[in-house]
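Visitor: I'm new here and would like a tour. Could you take my questions one at a time?

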Amino acid sequence: MSYRTLQAQPLTPTIGAELSGVDLTQPLSDEQVADIRQALHDHGVIFFRDQPLDPESLKRVGQYFGELQIHALKGLPEHPEVRKLHADATSKHVAGEEWHTDMSCLPVPPMGSVLYLHTLPPMGGDTAFSSMYAAYDALSAPMKAYLEKLTATHDGKLAFGRFDPDGKYPVAVHPVIRTHPATGRKLLFVNRGFTCHINDVPQDESEAILHYLFKHAENAYFQVRFRWTPHAVAFWDNRCTQHLAIWDYFPHERSGFRVQIEGDRADYAAA
Ligand code: SIN
């Protein structure tokens, strides 16, 4: 795939590309934004190196692609759309340490997230991404036909309940197989982080099918693993990928910021 304003180096045949020739610290032209959007659709997750962003410029990058979401977990006081990500020797957990699609418990989950890291451990701290197009494509035809008719419930309590068991969390129902609104490709839309059961089937069937689908979605052949460098940026399409933050660097520090871009209500109403 070639682009007018940037270069893309695919990292696997399935998912992920590193983009170069674009400076995210500066305002972007319409052509650059169109190319970045196209690269995101082509590769599911895109990476940029050496982009010393601050919360303001990270917000600007995200806003080219949609409205920014105020996350259920707290944002920065002066930039509520920007969430700080930080882990060090005092951390008891890190964000995203289980395979997930961001906030699929919302009726309209984010279309994407942009994560910027400025401080990295001496080794480790990669993020793994898995293509839900590849996961769908690899299902057998009978399994595709079975799943096509099903919906699943996604519950925020599954992801956040351990921090506050009495909290109120969003719950949403989504089709198990969705069609990406921009690419028209079919994808698997259940994830270990938020999906609690498949609707309208017996509980043991739901558990068995979800167990199978979670394992299937995490197949290494559907994945790219991003090795971060200071001031790198990852922009993932949350509609067709899952990701996992690999916390193998304790007690070292890993820090940065992220924004989430609102999904399009119309895409979910139509699903
Ligand atoms: C997340 O799940 O959003 C965090 C990803 C990461 O820290 O690598």
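**Around the ligand**

Guide: Let's begin at the ligand, keeping in mind that this is a predicted model. One of the ligand's oxygen atoms sits 2.5 Å from an N or O atom in the Thr127 side chain.

Visitor: How much of the ligand does the protein bury?

Guide: Besides Thr127, the side chain of Arg254 has an N or O atom 2.8 Å from an oxygen atom of the ligand. Taken alone, the ligand exposes 260 Å². Of that area, the protein buries 99%.

Visitor: How far is the polar side-chain atom of His100 from an oxygen atom of the ligand?

Guide: His100 is one of the residues around the ligand, and so are Leu85, Trp236 and His243. A polar atom in the His100 side chain faces a ligand oxygen atom at a distance of 3.1 Å.

Visitor: How do the residues of the shell divide into nonpolar, polar and charged?

Guide: The residues around the ligand include Ala95, Gly96, Leu115, Ala245 and Arg258. Sorted by kind, the shell has two charged residues, four polar ones and five nonpolar ones.

Visitor: Which strands each supply at least two residues of that shell?

Guide: Look along the chain at residues 241–245 and at residues 254–261. Each of these stretches gives the shell at least two residues. The strands are β14 and β15.

**Strand β6 and its partners**

Visitor: Thr127 came up already. Which residues point the same way as Thr127 from β6, and which point the other way?

Guide: Strand β6 covers residues 127–131, and five of its five residues are buried. Ala128 and Ser130 point the other way from Thr127. On the side of Thr127 you find Phe129 and Ser131.

Visitor: Which residue is the bridge partner of Ala128 in β12?

Guide: β6 pairs with strand β12 (residues 223–226) in the antiparallel sense, over four bridges. Within that pairing, the partner of Ala128 is Arg225.

Visitor: And which residue stands opposite Ala128 in β14?

Guide: β6 also pairs with β14, again antiparallel, and this pairing has five bridges. There, the residue opposite Ala128 is Leu244.

**Strand β3**

Visitor: Are the residues of β3 buried or exposed?

Guide: Strand β3 takes in residues 45–48. Val45 and Phe47 point one way, while Ile46 and Phe48 point the other. On both sides, these residues are buried.

Visitor: What is the handedness of the crossover from β2 to β3?

Guide: Strand β2 (residues 17–20) pairs with β3 in the parallel sense over three bridges. Between β2 and β3 the chain passes through helix α1, residues 30–43. This β-α-β crossover is right-handed.

Visitor: Which residue of β13 stands opposite Phe47?

Guide: Strand β13 (residues 232–237) runs antiparallel to β3, and four bridges join them. Opposite Phe47 in β13 is Ala234.

**Loops and unusual spots**

Visitor: Which side chain does Asn191 reach in a polar contact at 2.9 Å?

Guide: Asn191 sits in the loop between β10 and β11. Its relative accessible area is 0%, so Asn191 is buried. The Asn191 side chain reaches the backbone nitrogen of Thr101 at 3.4 Å. The side chain it contacts at 2.9 Å is that of Ser104.

Visitor: Why does Thr195 count as buried?

Guide: Thr195 belongs to strand β11, residues 195–198. Buried means under 20% relative accessible area. Thr195 counts as buried because its relative accessibility is 3%.

Visitor: Is Asp50 buried or exposed?

Guide: Asp50 lies in the loop between β3 and α2, and its phi is near 55°, a positive value in a residue other than glycine. Exposed means over 50% relative accessible area. At 59% relative accessibility, Asp50 is therefore exposed.

Visitor: Met103 isn't a glycine either. What is its phi, and is Met103 buried or exposed?

Guide: You'll find Met103 in the loop between β4 and β5. Phi of Met103 is positive, at about 45°. With a relative accessible area of 4%, Met103 is buried.

Visitor: Which residues does the cis peptide bond join?

Guide: Go to the loop between β14 and β15, where Pro251 lies. The omega angle of the cis bond is about 10°. The residues joined by this bond are Phe250 and Pro251.

Terms used:
Residues are numbered from 1 along each chain as its sequence is written. This is a predicted model: local features need pLDDT of at least 70, side-chain atom pairs count only at pLDDT 80 or more; totals for chains, interfaces and linings use all residues. Side-chain values use heavy atoms; hydrogens and water are left out. Buried means under 20% relative accessible area, exposed over 50%, partly exposed in between (1.4 Å probe, protein chains only). Two strands pair if DSSP finds at least two bridges between them. A crossover is right-handed if, with the strands pointing away from the viewer, the path from the first strand over the helix to the second runs clockwise. A residue is near a molecule or strand if one of its heavy atoms lies within 4 Å of it. A polar contact is a pair of N or O atoms within 3.5 Å; within protein, one must be able to donate a hydrogen and the other to accept it, and residues adjacent in sequence count only if both atoms are side-chain atoms. Accessible areas come from the Shrake-Rupley method with a 1.4 Å probe; for residues, only the protein chains shown count as cover. Ala, Val, Leu, Ile, Met, Phe, Trp, Tyr, Cys and Pro count as nonpolar, Asp, Glu, Lys and Arg as charged, and the others, Gly among them, as polar.
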